[in-house]
Amino acid sequence: MASLDRVKVLVLGDSGVGKSSVVHLLCQNQVLGNPSWTVGCSVDVRVHDYREGTPEEKTYYIELWDVGGSVGSASSVKSTRAVFYNFVNGIILVHDLTNKKSSQNLYPWSLEALSKDSSPTGIIVSNGDYDREQFAENSVPLLLIGTKFDQIPENKRNDVLTRTAFLSEDFNAEEINLDCTNPRYLAAGSSNAVKLSRFFDKVIEKRYFTRDPSQMQSFTDRRRFNFKSLHND
């Protein structure tokens, strides 16, 4: 096979939310039988047909970089982790739908990656107005994936989905909710599969069809940040 162009997508989220299972499902279309903790970063590759079924169709490699650790890591660990954030074309944010804290932590996760060149001490967290423009102006495509959908109690499902809708709006990103032990959640033609394909198409377009695509936009000048939406129960 001829060499294919490729894009780099970070996969971020707390330990234990199922990032490795998500990556394995996306790349191998199989359930990961024995997930283990990711140390440092693990990379897997998915083959994606850009604009499938159109005259512009072209095949690309999607590199999925599963970054381990936690947002509460020491500064030395974060500094080491920052090397993975170079030349990123897209970000998948993964959270556990049964763990509200993992959803809240997507904010500092994304901020760590997108403002890697600015000082964390410069971030202002207020109790009032969450600035959605911070993500509306971000040029890096984002996708939100919620795991363990099957484990949400039926009587709490509506509340959880309402919360994730706020999260999706805050990040200006589409959301996919799934059970990593069931590949049917990403079956061809399903709404989740369509969202996933649309996200990867957007990543490729940003990398290859826009001006200065290889540089990740920083939040250096847009630091007002809080978690207002996720505290609305």
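H95 is buried, with a relative accessibility of 0%, and its place is in strand β4. Keep in mind that this is a predicted model. The strand around H95 is a good way into the fold: seven of the seven residues of β4 are buried, so the strand is largely enclosed by the rest of the structure. From there, the briefing moves out to the sheet, the helices on it, and a few residues in the loops and among the cysteines.

**H95 and its surroundings**
- The H95 side chain makes a polar contact with the side chain of S103, at 2.7 Å.
- Setting aside neighbours within four places in sequence, H95 touches V17, S102, S103, L106, L144, I145, G146, T147, T164 and L167.
- S103 thus turns up twice for H95: as its polar partner and in its list of contacts.

**Strand β4, both faces**
- Which residues of β4 are buried on the side of the strand that H95 shares? I91, L93 and H95 are buried there.
- On the other side, G90, I92, V94 and D96 are buried too, and both faces of the strand are covered.
- β4 pairs in the parallel sense with β1, over four bridges, and L10 stands opposite I91 of β4.
- β4 also runs parallel to β5, and six bridges join the two; here L93 has L144 in β5 as its bridge partner.

**The sheet as a whole**
- How many strands form the sheet, and in what order? There are six, in an open sheet ordered β2-β3-β1-β4-β5-β6, and the pairing is mixed.
- Why is one side of β2 and of β6 left without a neighbour in the sheet? β2 (41-50) and β6 (174-177) stand at the edges with a single partner strand each, so one side of each has no neighbour there.
- From one strand to the next, the twist averages 25°.
- At the β6 edge, β5 (residues 142-147) and β6 pair in the parallel sense over four bridges, and L143 has E174 of β6 as its bridge partner.

**Helices on the sheet**
- Helix α6 (residues 157-171) packs on the sheet and touches β4 (90-96), β5 and β6. The direction of α6 makes about 145° with that of β6.
- Helix α7 (residues 191-208) lies across β1 (6-12), β2, β3 (58-67), β4, β5 and β6. Relative to β2, helix α7 runs at about 95°.

**Loop residues with positive phi**
- N29 isn't a glycine, yet its phi is positive, about 55°. N29 is in the loop between α1 (19-28) and β2, and at 53% relative accessibility it counts as exposed.
- K148 has a positive phi as well, near 60°, and is also a residue other than glycine. K148 lies in the loop between β5 and α6; with 24% relative accessibility, it counts as partly exposed.

**Cysteines**
- How many disulfides does a search of the whole structure find? Zero.
- Is C27 buried or exposed? At 15% relative accessibility, C27 is buried, because the cut-off for buried is under 20%.
- C41 comes out at 22% relative accessibility, so it counts as partly exposed.

Conventions: Residues numbered from 1 in each chain as written. Predicted model: local features only at pLDDT ≥ 70, side-chain atom pairs only at ≥ 80, totals over all residues. Heavy atoms only, no water. Pairing = 2+ DSSP bridges. Axes fitted to C-alpha atoms, helices over the stretch in contact; angles between N-to-C directions. Contact = heavy atoms within 4.5 Å. Disulfide = S-S within 2.5 Å. Buried < 20%, exposed > 50% of the residue type's maximum accessible area, 1.4 Å probe, protein only. Polar contact = N/O pair within 3.5 Å; in protein donor to acceptor, adjacent residues only side chain to side chain.
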